[in-house]
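Q: Before we go through this structure, could you explain what the words in its description rest on? Please set each value against its definition as we go.

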Amino acid sequence: MRFTANALKLSPIKLALLGAVLLLLIWLGLGFTPQPLLVNRANGSYAVIDNNDHLLRLSLTSDEKYRVWTPLAELPQTLQDATLHYEDRWFYQHPGINPVALCRAVLSSLIPHNRWMGASTLTMQLARQRWRLKTDTVTGKLKQMAYAVWLERHFSKTELLQAYLNLAPYGANIEGAGAASWVYFHKPVSALSQDEARALALIPQNPSARAPMTPAALQRLRQAWQTAYADDPGFDRLWFRQRKDLPFRAPHFSERLHKLYPQAATLASTLDTTVQELSEELLAGFLRQHHLQGVVNASVMVVHAPSMSVLGYVGSADYFNRDIQGYVNGLKALRSPGSTLKPFIYAQAIAQGLITPDTRVKDTPLRMGDYQPENFERNFYGPLSATDALVRSRNIPAISLLAQLQKPTFHQFLQQAGVPIPKQAANYGLSLAIGSAEISMEDLLRLYGLLANNGELKELRWLNQTDPSPQANQPLLLPEAAFLVRDMLETNPRPQRSFGGRSFGQQQAVAWKTGTSSGLKDAWAIGIMGDLLVGVWAGNFDGSPNRHLIGRELVGPLLFGVLDAIAMERPIAESDAKSPTGLKRIEICPLSGQPVSPWCPRGKTGWIIPGVSPIKTCTLHRRIRINPANGLRLCPDDQRQGETRVAEFWDSDELESFRQAGVRRDNPPAFERSCEDATESNAAANPPKIVSPQAGVSYPIRAGQQNTIEFSAISAGGRHRLFWFVDDNFIGEGATVFWPGKPGQFAVAVIDDHGQSASAAFKVVPTD
């Protein structure tokens, strides 16, 4: 069949129909193509604001842009309407290309000395911005139109408008209305006034000329305003800021929030700028004061205890100082906490019925297997109340109590509190009481929140719009125990010296504790005053020691400086931690801390938890009869007239500690003669206590070396002599003896001069 030229000719109507069919086929075909990525939200800026909506920081993206993703619902309707009116009035009618505008632009381009103009729809501009197209050539313009149609095929008009307003150029490296609002007005785009929104809508059409960054550009923007809005005086009410005016406050806090909430573009935080600035000011002054001592870095964190909202967060002395590794966040870093964990050992011991705040605990030499702990000052105070032991931060009582904790153990308690301690309990041993497990300031303040919130564990609150549900709070400590430990810490006297020219006020009680890590690498102080919870730390991020890094002496004054400064600037509410109903006050012996016996001195009351606390009547004070003629003690069955006295029955290690401290404490006098019922006469006395060796413990010895194992015991109630036996063989007399070790399993026994005894089984193993 032959086709002629006339056969190939189509009428205009047929040609239009063919074109329409072709466009329809292209449109349908685009539906089978994969949906493009409209906006790469992963590479966006984030804005951090304080609890009064003031900008703290606007970050740059990885490609050095300011680009803050903002949902269309948060973009003012005024901005949307003004943008569409100014850029693309037919946006909701065209398929990505405006045929009328395109024809007008083609005709305009045919006139000499005129440029291609007026054809770009809002979707085409979005395509150019999204794929960074060069559209000053015919090829580039055709590619832009093709991309625009592709976008229209896959996305709704609402999605396209949202994407455009998030990618449109607003000058220099500012993309999107969300970023432009923060840069030019330091406010979220949702808070823009009508005039501010209308001004922003004028910039994307010619951002290089109209972005108000220079006087000339500001004048051109004013001219565009007059063209668009005639004589509307709104432009004169505007105040444009510059990129150099963007704040860079609380950098560690901003980075911490972004890490916690990486998907959030705007982070409305709990940070209180006044508290933050006071903390930064005081920390800087503190370091200037101690610079000559080599103290060059510190951190401060302030929390509103009832809500656990973070009010102040100073991660280091200087974020930009690389000499001190200032970019490191010291509040998140894991450090040895020293003695700051001791309050929770005491709280557990109270909750498990081991002690009350007034119970007498021993600060005497202690050996547990091959572990012999010491106090920081390398001395011993002897017997003292649990409150005094905690306030004075004595190591021996804390370690002794930790060893007695069960269900949960202290290691289990820390795990229940969500403290990330990676090792098993055996790897830490009893040194967990003095800071062998590293912890961050954030986790430490979460723990101290237990004392401020009646034993309820609450997570730190970072954002204003997130209200943790009550179900998220976890009862972790007995409320009575939490209250008592806070009450104990409030007896800790304030530092003797002031800091920063402020005297330490006495408006409210402060429950506070300090800590010093082993090797003098970290100094800590944590305090609760009213509804405030504050933690301070000083040290070096490289772990180098400094003899001045002592908690109480160095950072105690800084802690009170922060507390008092905040109290001057904002009201501090009284603590909500009232005494729980499960507590009761009873009369106790001032020396033993136990409920009084008929022979105890009077005049002191103390807290107990009925049904939980140990309530054994005082055994320290006992009635004895003395022969006035010789001052010796009469046996109970002696019918002679004697003088009745009250004597104190201290253990041998306690008496030794008193002696070393220069405190006079007398033993009860010896019996005048051997009594048949001497044991009965001391019915309340305890048998000796073996300190070493410990039952069930294996003791290593090395072949070819002289190996000795220390046997030590405490004699109770004024007994004077101790006799040691191994497998019924007598080996020596005294509170401490040394036995030449040999491999095997053995039973050791100690007997006092009144026939009371104690025993333990242990094992000796050879090592290479």
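A: A volume here is the space filled by probe spheres set on grid points, and a cavity is a set of such points where a 1.4 Å probe fits but cannot get out. The model is a predicted one, and in it the second largest cavity has a volume of about 30 Å³.

Q: What makes a residue part of the lining of the second largest cavity, and which residues are they?
A: A lining residue has an atom within 4 Å of a point of the cavity, and Gln-125, Arg-128, Gln-129, Tyr-164, Ala-168, Pro-169 and Pro-204 line the second largest cavity. The largest share of this lining, 3 residues, comes from helix H5 (residues 122–131).

Q: How do the residues of that lining divide by class?
A: The lining of the second largest cavity divides into 4 nonpolar, 2 polar and 1 charged. Pro and Tyr count as nonpolar and Arg as charged, so Pro-169 and Tyr-164 belong to the nonpolar group, and Arg-128 is the charged residue.

Q: How many cavities of 30 Å³ or more does the structure hold, and how much space lies in the largest cavity?
A: The structure holds 2 cavities of 30 Å³ or more, and about 50 Å³ of space lies in the largest cavity. Its lining consists of Val-39, Asn-40, Arg-41, Asn-43, Gly-44, Arg-67, Val-68, Trp-69, Asn-166 and Leu-167, which by class are 4 nonpolar, 4 polar and 2 charged residues.

Q: Why is Gly-44 counted as polar in the lining of the largest cavity?
A: Gly is placed among the polar residues by the definition of the classes, and therefore Gly-44 is counted as polar.

Q: How do you know that helix H3 and helix H9 are in contact?
A: Contact means heavy atoms within 4.5 Å, and Thr-78, Leu-79, Ala-82, Thr-83, Tyr-86 and Glu-87 in H3 meet Gln-194, Ala-197, Arg-198, Leu-200 and Ala-201 in H9, so the two helices are in contact. The residues of this contact divide into 6 nonpolar, 3 polar and 2 charged.

Q: What describes the packing of H3 and H9?
A: Two packed helices are described by the angle between their axes and the distance between the axes. The axes of H3 (residues 77–87) and H9 (residues 194–201) come within 8 Å and cross at roughly 30°, and the crossing is right-handed.

Q: Why are strand E25 and strand E26 called paired?
A: Two strands pair if there are at least two bridges between them, and 8 bridges join E25 (residues 744–752) to E26 (residues 757–767), so the two strands are paired. They run antiparallel, and Gln-745 has Lys-763 in E26 as its bridge partner.

Q: What makes strand E20 and strand E23 edge strands?
A: The 5 strands form an open sheet in the order E20-E26-E25-E22-E23, with mixed pairing, and E20 (698–702) and E23 (729–733) each pair on one side only. Neighbouring strands of this sheet are turned by 30° against each other on average, direction ignored.

Q: How are the strands ordered in the open sheet of 3 strands, and which helices pack on this sheet?
A: The order is E2-E1-E5, with mixed pairing, and the edge strands are E2 (55–58) and E5 (266–268). Strand E1 (residues 47–49) is joined to E2 by 3 bridges, the two running antiparallel, and Ala-47 has Leu-58 in E2 as its bridge partner. Helix H8 (residues 177–185) packs on the sheet, touching E1, E2 and E5, and its direction makes about 125° with that of E2. Helix H12 (residues 251–260) packs on the sheet and touches E1, E2 and E5, with a direction that makes about 65° with that of E2.

Terms used
Residues are numbered from 1 along each chain as its sequence is written. This is a predicted model: local features need pLDDT of at least 70, side-chain atom pairs count only at pLDDT 80 or more; totals for chains, interfaces and linings use all residues. Side-chain values use heavy atoms; hydrogens and water are left out. Axes are lines fitted to C-alpha atoms, for helices over the stretch in contact, and angles run from 0 to 180 degrees between N-to-C directions. Helices (H or I, at least four residues) and strands (E, at least two) are DSSP runs, numbered from the N terminus. A crossing is left-handed if the near helix is turned anticlockwise from the far one by less than a right angle, and right-handed if clockwise. On a 1 Å grid over the protein atoms alone, a cavity is a set of points where a 1.4 Å probe fits but cannot get out, and a pocket is an open set with protein on both sides within 12 Å along at least five of seven lines; lining residues have an atom within 4 Å of a point.
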